[in-house]
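Good morning, and thank you for making time for this short presentation. I shall go through the structure now on the screen, beginning with its interior.

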Amino acid sequence: MAARRYTPVSQILRHGGPQLSSAVALQLIREGASPSNARKLIQRSFPEIKRLSEITFPHRERFLYLPEQHDTPPFWESLFLAFRSTNSVYGHAIDALRIRGGSVPGEYFGIISGSPIKLRGHLSVDRVREALQRLGVLNVTPHPEWASVITLKPHVPGVHGLGMSRARMLAEDIAADATMNFLQRTGLGSYGKVKVRNFIEAPTFGAFKWDITAPCYVSPLRRYAKGQKGFQNGFLVADVLLGAELGLEHVKPFLMKTEIMRSNPKTALFLSLLIADKFSKEALRAGKAVGHLMLTTETLFTREIAEALKALIEVLTKAATAAADYPELVYDLFDQLSSIEGSASSMQGPLFELWLARYLFLDGWSIRGIGHRMKVWETGETVEVDVLVDQANGMRIRACEAKAHASLVSLGEIKDWITRQIPRIKAALLQNRDGRTPDLVFEFWTTSSFSPEALEFLETAARRTKAYGIKWFDRTQLPTFAEKAGDTYLPKILNDFFLRNSTSARLLQMQRRRSQLAHLSSRKMSQSEVQVPLKVENQEGFAESDFADVIQFGSDLN
């Protein structure tokens, strides 16, 4: 009797595209093969077919493809579908990056991926990142402000670039600071121990990183433990994700973190919050089913603040157009957001960049980018310019560092700018110039002043450097530039947000008073703690229609 013939595995992949080994086996079984025979048929197909060596799927499944299919759009589309269908931690990490525009600071990857720092029986966040790097899905590169940046490669659908990522992160920072103040005021979080993420370090609770953590002494979350005096406090953890409606695939990393934490009987009682603009019905149902607080910004704050945060992302994503054409919108938006406690320090940097871009635009320069990123092809490094403008078809370029400082600019900061940042930015700007050398000027603008040592270093560098110009400007010169431009909003923004009697200055004074009160309160608390011991655990180019929603927001403020 002749042996039964089955469709060759290579033909299955050629017609059906790359897929998991279980899907190939299922087709062979439908043709009459037994499960064991199907496995053997797949094994005998190597090396005519290939399997993905960097990633192992649940139940030891493999992702199969033909050599000519590798690194093609169908390859990546099928791979990401396989990640999602198997509930893979790699898929969670990719979906988390995609919803955030494709880029996050390196430290934030531990928050968004849903994987633990280190936990037996689970892939650590470092192993997930390294596997995705080997696979060619993401890059990890140095960054002057974030230490490192993790970016999905362009072939991954949903990558919008760093402009959207920076805008979204600023809105999230403001929301996180507002949440921190809410927790402190209500007593849900221990006043002096509420921790919020930053580029260098994310707060931890258990084996995971979070956007916000706080010890909580509210009675439902504290409990008495055997063999201990007093009680063990609970915790509050929160993640913040703004800029888009969250579907089920976007909340899964958060759900995974909390599920793993609650499966450990030694974990302290904790309350978990996920804060977003909007949730899909499936995401909302999944979060509430396991006891999470799924909060929108409108619910947590007000409708006005929620709309302002959305508008902020829109404006900063299209920052060059906003600075050039919509100064009144920029002013109204930041004025509205400055009412949120703790927001002043987060907003001053981006607002000063918009102010400077507006001034240079009125002075006859074309805005090439705000927060403009470039890659140095020779070294692979990524550099960033706060405000980049040019004239004469790109033959005159000003690369400006814009810093909204509350203190003096130090010698160390100026040394880093001149010796490390400028050479890299210059190399990026001179790429693909066909021998033409533009007139380059590097400028450092600050709302503060320079220390004597920094000024001396600047003067020496400017005197000795002939290949390009070096200039610097401080707070004493800004009013003159604002008046010279003949613009209504430049002096207004400068006076209301940066100079001595500005809104931000008043907010900073209020913050200092609150810190002093908190210090006094903590001293009083320490006396009571002697009687009741407490255990705390570780823890460009856009049309006006692009701005339609934001312009409507601006008109609502008037």
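The model before you is a predicted one. Its largest nonpolar core has 70 residues, and those with the most contacts inside this core are Leu-312, Leu-337, Trp-355, Leu-356 and Trp-445. Apart from that core lies another, of 57 residues, with Phe-83, Leu-246, Ile-260 and Ala-283 among them. As general background, nonpolar side chains in soluble globular proteins tend to be buried together.

Let me stay for a moment with one residue of the 70-residue core. Leaving aside residues up to four places away in sequence, Trp-445 touches a set of residues that includes Phe-352, Trp-355, Leu-356 and Tyr-359. Its contacts also include the charged residues Arg-398, Glu-401 and Lys-403, as well as Cys-400 and Ala-402. Phe-473, Leu-478 and Phe-481 are further partners of Trp-445.

I turn next to the strands, and to β16 in particular. Is β16 enclosed or open to the outside? Ten of the ten residues of β16 are buried, so this strand is largely enclosed by the rest of the structure. On one hand, β16 is joined to β15 by eight bridges, and the two strands run antiparallel. Within this pairing, Arg-373 has Glu-384 of β16 as its bridge partner. The hairpin of β15 and β16 has six residues between the strands, and Gly-380 there takes a positive phi near 80°.

On the other hand, β16 pairs with strand β17, residues 396-403, in the antiparallel sense over five bridges. Here Val-387 stands opposite Cys-400 in β17, and Cys-400 is also among the residues that Trp-445 touches. β16 and β17 form a hairpin with four residues between them, and Ala-392 in the turn has a positive phi of about 50°.

A salt bridge also connects β15 and β16. Arg-368 forms this salt bridge with Asp-390, the closest N and O atoms being 3.9 Å apart. Arg-368 is in strand β15, residues 366-375, and Asp-390 is in strand β16, residues 382-391, the two residues being 22 apart in the chain. As to their surroundings, Arg-368 is partly exposed, with a relative accessible area of 30%, whereas Asp-390 counts as buried at 12%.

That brings me to the charged pairs in general. How many salt bridges does a search of the whole structure find? The search finds 22 salt bridges. One of them brings together the side chains of Arg-358 and Asp-487, at 2.8 Å from N to O. Arg-358 lies in helix α15, residues 344-362, and Asp-487 lies in the loop between α18 and α19, so this pair ties together parts that are 129 residues apart in sequence. Arg-358 is buried, with a relative accessible area of 11%, and Asp-487 is buried as well, at 13%.

In another pair, the side chains of Lys-318 and Glu-314 meet in a salt bridge of 2.7 Å, N to O. Lys-318 is buried, with a relative accessible area of 11%, while Glu-314 counts as partly exposed at 25%. There is also a network of salt bridges, which links Arg-168, Glu-172, Asp-173, Arg-197 and Asp-211.

Let me now move to a separate sheet. Three strands form an open sheet in the order β4-β6-β5, with antiparallel pairing. β4, residues 103-105, and β5, residues 138-143, stand at the edges with a single partner strand each, so one side of each is left without a neighbour in the sheet. From one strand to the next, the twist averages 25°.

Strand β6, residues 147-152, pairs with β5 in the antiparallel sense over six bridges. In this pairing, Pro-142 has Ser-148 of β6 as its bridge partner.

Which helices accompany this sheet? Helix α5, residues 89-99, lies across β4, β5 and β6, and runs at about 100° to β6. Helix α7, residues 125-135, packs on the sheet and touches β5 and β6, its direction making about 110° with that of β5.

I close with a residue from an earlier part of the chain. Ser-21 is found in helix α2, residues 21-30. With a relative accessible area of 16%, Ser-21 falls below the 20% limit and is therefore buried. Not counting residues up to four places away in sequence, Ser-21 touches Ile-42, Glu-61, Arg-62 and Leu-64.

Thank you for your attention.

Definitions and conventions:
Residues are numbered from 1 along each chain as its sequence is written. Side-chain values use heavy atoms; hydrogens and water are left out. Buried means under 20% relative accessible area, exposed over 50%, partly exposed in between (1.4 Å probe, protein chains only). Contact means heavy atoms within 4.5 Å. A nonpolar core is a set of buried Ala, Val, Leu, Ile, Met, Phe, Trp, Tyr and Cys residues joined through side-chain atoms within 4.5 Å. A salt bridge is a side-chain nitrogen of Lys or Arg within 4 Å of a carboxyl oxygen of Asp or Glu. Two strands pair if DSSP finds at least two bridges between them. Axes are lines fitted to C-alpha atoms, for helices over the stretch in contact, and angles run from 0 to 180 degrees between N-to-C directions.
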